[in-house]
Amino acid sequence: FLWYAIQRFGIVGFTKMIARCQALKNYTLDRMREISWDAYAGDYSVIIMIKRPPDRLVRKWQLAVVGDSAHLVIMPNISQEHIDAFMEDLRQENAV
């Protein structure tokens, strides 16, 4: 992916893509904190480790899970609208 992305988008385009993913990762972490859902990501990572949601949400959002954890990968095709919809599902789970 890295070689292809740099070849296709150039260094500047690739840098913008990564910056957008990082900003969306930070937005997601902020939203997770707002609903008190455990989440962690490294400073330079676009992978967010979260407390495993109920199986219904794991299936709906096709999350990769291991034990009590799941992870979200913030890829260029993920939008803020995707994150907002996912957060709404998690928020409703917290309310139950």
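Reader: Which residue of strand 4 does Ile 50 stand opposite?
Author: Ile 50 faces Ala 70 in strand 4. This is a predicted model, where local features need pLDDT of at least 70 and side-chain atom pairs count only at pLDDT 80 or more, while totals for chains, interfaces and linings use all residues. Residues are numbered from 1 along each chain as its sequence is written, and side-chain values use heavy atoms, with hydrogens and water left out.

Reader: What makes strand 2 and strand 4 a pair?
Author: Two strands pair if DSSP finds at least two bridges between them. Strand 2 (residues 47–51) and strand 4 (residues 69–73) are joined by 5 bridges and run antiparallel, so they count as a pair. Met 49, for one, has His 71 of strand 4 as its bridge partner. Strands are DSSP runs of E with at least two residues, helices are runs of H or I with at least four, and both are numbered from the N terminus.

Reader: Why do strand 1 and strand 2 count as paired?
Author: They have 2 antiparallel bridges, so the requirement for a pair is met. In one of them, Ala 39 has Ile 50 of strand 2 as its partner. The two strands form a hairpin, with 6 residues between them.

Reader: Why are strand 1 and strand 3 called edges?
Author: The open sheet has 4 strands in the order 1-2-4-3, with antiparallel pairing. Strand 1 (39–40) and strand 3 (64–66) each have a single partner strand, so one side of each lacks a neighbour in the sheet.

Reader: Why is the Trp 61 and Phe 86 pair called edge-to-face?
Author: Rings of Phe, Tyr and Trp (its six-membered ring) pair if their centres lie within 6.5 Å; planes under 30 degrees apart are stacked, over 60 edge-to-face, and the rest tilted. A search of the whole structure finds 1 aromatic pair. For Trp 61 and Phe 86 the centres are 5.4 Å apart and the planes 80° apart, so both cut-offs are met. Trp 61 lies in helix 2 (residues 55–61) and Phe 86 in helix 3, 25 residues apart.

Reader: What makes the lining of the largest pocket free of charged residues?
Author: Asp, Glu, Lys and Arg count as charged; Ala, Val, Leu, Ile, Met, Phe, Trp, Tyr, Cys and Pro as nonpolar; and the others, Gly among them, as polar. The lining has 9 nonpolar, 3 polar and no charged residues. Strand 4 and helix 3 (80–95) each supply at least two of the lining residues.
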